[in-house]
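Reader: I'm new to looking at proteins, and I'd like to get to know one small part of this one properly. Could you take me through it slowly?

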Amino acid sequence: MNKVKINICGINYSVTTDNETDFVMDISAKLDGEIKAILKKYPSLGIQSAAVFCALQAYEERKRSEDSLDNLRKQLKEYMDEAGKLRDARDSAVMEADKLRERLTEQNMEPDEDGEFYEEDAEQLVLENTVTPAVTIPVEEKPARDAAPPRPNRAARRSKAK
């Protein structure tokens, strides 16, 4: 416990506190200044009335701060909830991508030198998973202007390798 001597509006006080001496001195100086400012603005008031006005201002400031803090907590909770939903969606997408990569690997479809699967392989896997096996949908590629030549499909890659 610290015993601190302070002076507010010419009256000495001895305060016993758990707070640091510098902290108590700072807030007592602020209080002294606020009371003196009120007395200067309203000379007919006494020190007690000015102290009451200072207390009202302090409580008003505290209430506004608490309301602001509550609002920030609410916003933070909303942001955290949204982040959780986005994290879950990302995790689902990653799991789905991993499953598709595994399926491509199971069907002996191997990635190219960049670690990516050929687009035709992925398209075929998607078709196999979305269309009944009895239905065959031909996929025709139309080369785009100024586009790189299409990559060879799986059969063409195998024939080149032999």
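Reader: Which residues make the nonpolar surface patch of about 260 Å², and what surrounds them in the chain?

Author: Happy to! Please keep in mind that this is a predicted model. The patch you ask about is made by I11, Y13 and I47, and its area is about 260 Å².

Let's start with Y13. This residue has its place in strand β2, which covers residues 11-17. Is Y13 buried, partly exposed or exposed? With 40% relative accessibility, Y13 counts as partly exposed, because that value falls between the 20% limit for buried and the 50% limit for exposed.

Now look at the partner of that strand. β1 and β2 run antiparallel and are joined by seven bridges. Together they form a hairpin, with two residues between the strands. In the turn you will find C9, which has a positive phi of about 55 degrees. For one example of how the strands face each other, find K3, which stands opposite T16 in β2.

From here we can step inward through I6. Setting aside neighbours within four places in sequence, I6 is in contact with I11, N12, Y13, V15, V24, M25 and S28. Two of the patch residues, I11 and Y13, are therefore among the contacts of I6.

I6 also belongs to the largest nonpolar core, which has nine residues: V4, I6, I8, C9, V24, I35, I38, A50 and C54. The elements that give two or more residues to this core are β1 (2-8), α1 (21-41) and α2 (47-106). In soluble globular proteins, nonpolar side chains tend to be buried together.

One more contact of I6 deserves a visit: S28, in helix α1. S28 is buried, because its relative accessible area of 7% is under the 20% limit. Not counting residues up to four places away in sequence, S28 touches I6 and I8. Both I6 and I8 are members of the core we just met.

Finally, let's zoom out to the whole chain. The chain has four helices and two strands, and from the N terminus on its elements run β-β-α-α-α-α. Of its 162 residues, 14% are buried. The chain exposes about 13,600 Å², with carbon and sulfur atoms supplying 55% of that area. Among contacts with a separation of 6 or more, 26% are between residues 24 or more positions apart.

Definitions and conventions
Residues numbered from 1 in each chain as written. Predicted model: local features only at pLDDT ≥ 70, side-chain atom pairs only at ≥ 80, totals over all residues. Heavy atoms only, no water. Core = buried A, V, L, I, M, F, W, Y, C linked by side-chain atoms within 4.5 Å. Buried < 20%, exposed > 50% of the residue type's maximum accessible area, 1.4 Å probe, protein only. Contact = heavy atoms within 4.5 Å. Patch = residues over 30% accessible without salt bridge, like charges linked within 9 Å, V, L, I, M, F, W, Y side chains within 5 Å. Areas by Shrake-Rupley, 256 points an atom, 1.4 Å probe, with all protein chains shown as cover. Salt bridge = Lys/Arg side-chain N within 4 Å of Asp/Glu carboxyl O. Pairing = 2+ DSSP bridges.
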